[in-house]
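Let's take a walk through a protein fold together. Keep the picture in view as you read.

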Amino acid sequence: METGRLTDVPGVLVGQWTEPTDKTGCTVILLPPGATASGEVRGGAPGTREFDVLDPNRLVEHIDAVMLAGGSAYGLAAADGVMLWCEEHGRGYPTRVANIPIVVGAVIYDLAVGSSKRRPTAQDGYEACLSAAMHHEVGLVGAGTGATRSKWRGAAAIQPGGIGSATVRSGALIVSALMVVNPVGDVVGDDARHDEHDVLALVEAMAQSSWSQSRQNTTIGVVATNAMLNKRACYLVSQSGHDGISRAIWPAHLSTDGDAIVTVSVPSEHQVAVPVDAVRALASEAVARAIRSTLANEAT
């Protein structure tokens, strides 16, 4: 079912590099000049780059791109290729001698799927930039190529995760989400109810020595909007995006997850002035829908 794309927000471009054999990849979100961003991490085991710059108390207001990748911490190298692309196009924070591209990165652990030796590199990040367009694929592509879910239930129960995307609108307001879904938990619907058997089974699984094998997880993503927001407001929207993760994944935000969301206010002629709480409400829904859309993904 078509649920929308992050590129529904005018000015956003998405590019992807996919390695289907080794089951890894990266996804880049290229933003127009003046894009304001902030973000929040709630998982206990994040893999990020330049995330501190998103703190509302930090100097830099604008970012140039977000890189999402597989490969665990190794995959953060893909952001180097995005920086090179941005430099070639004159993008970045102006300093006395050079523009410094601001590229925020976040990664998932997918090394147990496919080959653990093939991880996204700077060249792969650059290739993703070259493919950036006004529409993007979802499923087992880009950063979601090797993503899986339901790992807490054991190897036999693991299902594909992948990339999901969704858009929610209210009048002229557009809020879209792109999520890389790789949790230890299950992706669940709005009507999900966890009976005592599920809860006790989860607690028992956590007590087993094999639980350490489930510690390769993380759900990461980007919320983009045409709402006119400052950096603090983007931070609040990221918080609501995490509410969407909690609605669509059970259990969420564990110490073994590195869940992270970046929110971007994208400047364009279509930008609108609305209360931040309106954006927060739509962001929670967009994230939840994007995550649930990955239930349709099938292993390849």
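We will start with a sheet and then turn to the helices beside it.

This is a predicted model, where local features need pLDDT of at least 70, side-chain atom pairs count only at pLDDT 80 or more, and totals for chains, interfaces and linings use all residues. Residues are numbered from 1 along each chain as its sequence is written, and side-chain values use heavy atoms, leaving out hydrogens and water.

Look for an open sheet of five strands in the order β3-β16-β14-β12-β11, with mixed pairing. Its edge strands, β3 (36-41) and β11 (162-170), each pair on one side only. Here strands are DSSP runs of E with at least two residues, and helices are runs of H or I with at least four, numbered from the N terminus; two strands pair if DSSP finds at least two bridges between them.

Now find β14 (residues 220-225). This strand pairs with β12 (residues 173-181) in the antiparallel sense over six bridges, and L178 stands opposite V222. With β16 (residues 260-265), β14 pairs in the parallel sense, again over six bridges, and V223 faces T263 there. Six of the six residues in β14 are buried, meaning under 20% relative accessible area with a 1.4 Å probe, protein chains only.

Finally, meet helix α5 (residues 276-292), which lies across β11, β12, β14 and β16. Why does its length make sense? At 1.5 Å a residue, its 17 residues should span 24 Å (1.5 Å times one less than the number of residues), and the end C-alpha atoms are 25 Å apart, which agrees. Among its buried residues are V279, L282 and I291.

Notes: Buried means under 20% relative accessible area, exposed over 50%, partly exposed in between (1.4 Å probe, protein chains only). Contact means heavy atoms within 4.5 Å. Axes are lines fitted to C-alpha atoms, for helices over the stretch in contact, and angles run from 0 to 180 degrees between N-to-C directions.
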